[in-house]
Amino acid sequence: MTNRPVNLVAADRPLTVEPLQNAYDYRLINSQTQQPLTVKQLAIQLQDQDIVFVGELHGNHASHLLEMQLMTEMHILHPRQILSMEMFNRDQQSILNRYLDSEIGEAFLINEAPTWSNYTGSYRPLIEFAKQNFIPVIAANAPADIVRCIGRQGSAYLNKLLPRERLLIASKPLTDQPEYRLRYMDFLADARKLTAEHKENSYLAQLTRDNTMAESIYQAWLDNPHAQILHLNGQFHSEYSLGTVSALKSLNSKLKVAVISPVLVENAVQPSYSVEDLKKGDVIYLLQNQPEQYLDSRYKQQARKKLFSQAEKALCR
């Protein structure tokens, strides 16, 4: 489905759909036809795809509800399924496998992997569905410690990795994507004030994630060429078919890949999207934003300072 042309008939006005009824509600739109879709209809459209990317807004349960419902419908049509996740790193694969094989309990998985803090509310249903249906789950991402240190020291940190650590990231972790670089630098400009060196290192860390996830997905496909892979990641890693998607296609341009991307709406009663939004994926889904976390700027600064100070305690070689 990737790279199909977008119908520009309604380019001069916002396009509206039915209201979003609650915080977990979403609306699926086919980007080529601009027609609304049900999850079942989407699963049918995806039957022939090798890999399906769902970009999510981390912690937004409309994203997580869509992921679970889509995984279920896709499995009905294509039982040979593999789940691939940004939310687990390659160095956590053995613990994840032990949980799927019922060798350890959920508390062990959560504490010792460790999982993301929102695991129980966001990803537990997916893992439990995989466990119940004997679906392999790929811990696709690069280890957090390695990514963090590349973000601090840049490409020089790769020379400090032990041989066993080097296997935990892509063989070519820093393969560049010019268009993606521009988008990432624009993102950094809006998000934080960083030096040019820090921006470059942050981008290299991002590339390490993308290239590692792409390689993990591709290896899973090589090992199971008749399976359908559902990969979940944050929206930036896959929208506009850049990031992990572009890295995957560079490994095999013949793969059939579909991208599903979120679009936040300002008005849940009259949710709308633009033609530009349609370019983000083969299918987009409209959802509401989460409640504003911080209204008190002082409290926001305190919270961020605490977060960054914890990260700074982690040492690099």
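Two strands count as paired here if DSSP finds at least two bridges between them. Keep that in mind for the views below, and remember that this is a predicted model.

**View 1. Eight strands line up in one open sheet.**
Follow the strands across and you get the order β3-β2-β10-β8-β4-β7-β5-β6. The pairing in this sheet is mixed. In general, strands of a sheet pair through backbone hydrogen bonds, either parallel or antiparallel. Now look at the edges, where you'll find β3 (36–37) and β6. Each of these two has a single partner strand, so one side of each is left without a neighbour in the sheet.

**View 2. Strand β10 sits between β2 and β8 in the sheet order.**
Zoom in on β10, which covers residues 283–288. Towards β2 (residues 27–30), the pairing is antiparallel and runs over four bridges. To spot one of them, find L28, whose bridge partner in β10 is Y285. Towards β8 (residues 257–265), the strands run parallel and six bridges join them. Here you can look for I260, which has V283 as its bridge partner in β10. So how many of the six residues of β10 are buried? Five of them are, so this strand is largely enclosed by the rest of the structure. For a residue to count as buried, its relative accessible area has to be under 20%.

**View 3. β4 and β7 pair side by side, and α6 lies across β7.**
Strand β4 (residues 51–56) and strand β7 (residues 228–234) are parallel partners, with six bridges between them. A handy pair to pick out is I51 and its bridge partner in β7, I229. Then there's helix α6, which lies across β5 (81–89), β6 and β7. Against β5, this helix runs at about 140°.

**View 4. Helices α9 and α10 cross at roughly 125°.**
This view takes in α9 (residues 178–191) and α10, whose axes come within 10 Å. That crossing angle makes α9 oblique to α10. The crossing is right-handed. On the α9 side, the residues in contact are Y180, R181, Y184, M185 and L188. They meet K199, E200, S202, Y203, Q206, L207 and D210 in α10. Sort the residues of this contact by type and you get six nonpolar, two polar and four charged.

**View 5. Helix α10 also packs against α11, at an angle of about 50°.**
Stay with α10 (residues 196–223), but look at its contact with α11 (residues 244–251). The two axes are 8 Å apart. Are these helices oblique or roughly parallel to each other? They're oblique, because an angle has to be under 35 degrees to count as roughly parallel. α10 passes α11 in a right-handed crossing. From α10, the residues D210, N211, M213, A214, E215, I217 and Y218 take part, and they meet T244, A247, L248 and L251 in α11. This contact is made of seven nonpolar, two polar and two charged residues. Did you recognise D210? It belongs to the α10 side of the contact with α9 and to the α10 side of the contact with α11.

**View 6. Three loops hold some unusual backbone spots.**
Most residues other than glycine have a negative phi, and most peptide bonds are trans. Start in the loop between α3 (93–100) and α4, where S102 is found. Phi of S102 is near 65°, a positive value in a residue that isn't glycine. S102 is exposed, with a relative accessible area of 52%. Next comes F134, in the loop between α6 (124–132) and β6 (137–141). F134 has a positive phi too, at about 55°. With a relative accessible area of 77%, F134 is exposed. Finally, check P114, in the loop between α4 (106–112) and α5 (119–122). The peptide bond that leads from A113 to P114 is cis, with omega near -20°.

**View 7. P19 sits in the loop between β1 and β2.**
Is P19 buried, exposed or partly exposed? At 33% relative accessibility, P19 counts as partly exposed. Leave aside its neighbours within four places in sequence, and P19 is in contact with D25, R27, A268, V269 and P271. Q34 is 15 residues away from P19 in sequence, and their C-alpha atoms are 16 Å apart in space.

How values were computed
Residues are numbered from 1 along each chain as its sequence is written. This is a predicted model: local features need pLDDT of at least 70, side-chain atom pairs count only at pLDDT 80 or more; totals for chains, interfaces and linings use all residues. Side-chain values use heavy atoms; hydrogens and water are left out. Axes are lines fitted to C-alpha atoms, for helices over the stretch in contact, and angles run from 0 to 180 degrees between N-to-C directions. Angles under 35 degrees count as roughly parallel, over 145 as roughly antiparallel, 65 to 115 as roughly perpendicular and the rest as oblique. A crossing is left-handed if the near helix is turned anticlockwise from the far one by less than a right angle, and right-handed if clockwise. Contact means heavy atoms within 4.5 Å. Ala, Val, Leu, Ile, Met, Phe, Trp, Tyr, Cys and Pro count as nonpolar, Asp, Glu, Lys and Arg as charged, and the others, Gly among them, as polar. Buried means under 20% relative accessible area, exposed over 50%, partly exposed in between (1.4 Å probe, protein chains only).
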